[in-house]
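Please find below a colleague's note on this model, set out as numbered points. The sequence and coordinates are shown first, and the comments follow.

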Amino acid sequence: MNKKQSGFSLVELVVVIVVVGLLAVAALPRFLDVTDEAKKASIEGVAGGFATGVLSARAQWEAESRPSLNEGGQKQNYVSYDGVDFWLTRSKESNGSNTGFRDGYPISVKEDNSSFPTKVSELTCILLMENLLQNPPKVDTVANAKIDKNVKYSAHAGSSNDSCIYIQQEGSTAHQFEYEIKTGRVTVTLQ
């Protein structure tokens, strides 16, 4: 009795390997693009949560009938949002002149006996992100983000002291979002 062996020929195996290789070459750029898309989605999600926190703090201030206190002859807006006290922007000085800001947007965390902030700093921006978001990613100064690989966002104050800029630290991207304290607007920049 002759037993006949069956299987694939060498030519058939080579053809299959070439076809699989071509499919891999065609699909690889799509898989590489997925990583960048995930980073973009990540920053858009964090910025969206931040914007929601800003608007929720303002809504809480409105719901509480716009609480304020007098400090140094100025009416200073504040609100307790999610267990944290925030200083809020004001649109008018005590003499009635415009400040350039719209009323009711978080400008700083109001810590025990702290006075109304006169400028925005890196620390101010870090505290805003840590306290407006319920589960914030790790955020730190630009200098600390360079040496600590666990930092997901670096924070710094804008050049005109009326914004906070948060830069994503994952990978080699320079995606960022900016919180414009004057208007309460949060803008994402993908690069």
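1. In this predicted model, Phe177 makes contacts with residues well separated from it along the chain, beyond four places in sequence. Its partners are Ile43, Val46, Ala47, Phe50, Met129, Tyr153, Cys164, Ile165, Tyr166, Val186, Thr187 and Val188.

2. Phe177 also belongs to the largest nonpolar core, which has 33 residues. Together with Phe50, Phe86, Met129 and Tyr166, Phe177 is among those with the most contacts inside this core. Two or more residues come from each of α1, β2 (74-81), β3 (84-88), β4 (106-109), α2 (122-132), β6 (153-157), β7 (163-168) and β8 (176-180). The element that gives the most is α1, with 7 residues.

3. Helix α1 spans residues 10-63 and includes Lys39. Which residue offers Lys39 the nearest side chain of opposite charge? That residue is Asp36, at a distance of 5.9 Å, and Lys39 is buried without a salt bridge. Because a salt bridge requires the nitrogen and the carboxyl oxygen to lie within 4 Å, the separation of 5.9 Å does not qualify. Leaving aside residues up to four places away in sequence, Lys39 touches Gln168, Glu170, Gly171, Ser172, Thr173 and His175.

4. Asp36 does form a salt bridge with Lys40, at 3.6 Å from N to O. Both residues are in helix α1 and are 4 residues apart, about one turn of the helix. Asp36 is partly exposed, at a relative accessible area of 25%, and Lys40 is likewise partly exposed, at 22% relative accessibility.

5. The model contains 8 salt bridges in total. One of them joins the side chains of Arg66 and Asp103, at 3.7 Å from N to O. Arg66 is in the loop between α1 and β1, whereas Asp103 is in the loop between β3 and β4, so this pair ties together parts that are 37 residues apart in sequence. Arg66 is partly exposed, with 37% relative accessibility. Arg66 and Asp103 are also members of a salt-bridge network that includes Arg58 and Glu62.

6. A further salt bridge links the side chains of Arg90 and Glu93, with an N to O distance of 2.8 Å. Are the two partners buried or partly exposed? Arg90 is buried, at 11% relative accessibility, whereas Glu93 is partly exposed, with a relative accessible area of 27%.

7. Strand β1 (residues 68-71) pairs with β2 in the antiparallel sense, over 4 bridges. Within this pairing, Ser68 stands opposite Asn77 of β2. The β1 and β2 hairpin has 2 residues between its strands, and Gly72 in this hairpin adopts a positive phi near 60°.

8. The unreviewed UniProt entry places a "transmembrane region" at residues 7-28. In the model, this span is 86% helix and 0% strand, and its end C-alpha atoms lie 31 Å apart. The annotation may have been inferred rather than shown by experiment, and the note therefore reports the feature as coming from that record.

Methods
Residues numbered from 1 in each chain as written. Predicted model: local features only at pLDDT ≥ 70, side-chain atom pairs only at ≥ 80, totals over all residues. Heavy atoms only, no water. Buried < 20%, exposed > 50% of the residue type's maximum accessible area, 1.4 Å probe, protein only. Lys, Arg positive; Asp, Glu negative; His and termini not counted. Contact = heavy atoms within 4.5 Å. Core = buried A, V, L, I, M, F, W, Y, C linked by side-chain atoms within 4.5 Å. Pairing = 2+ DSSP bridges.
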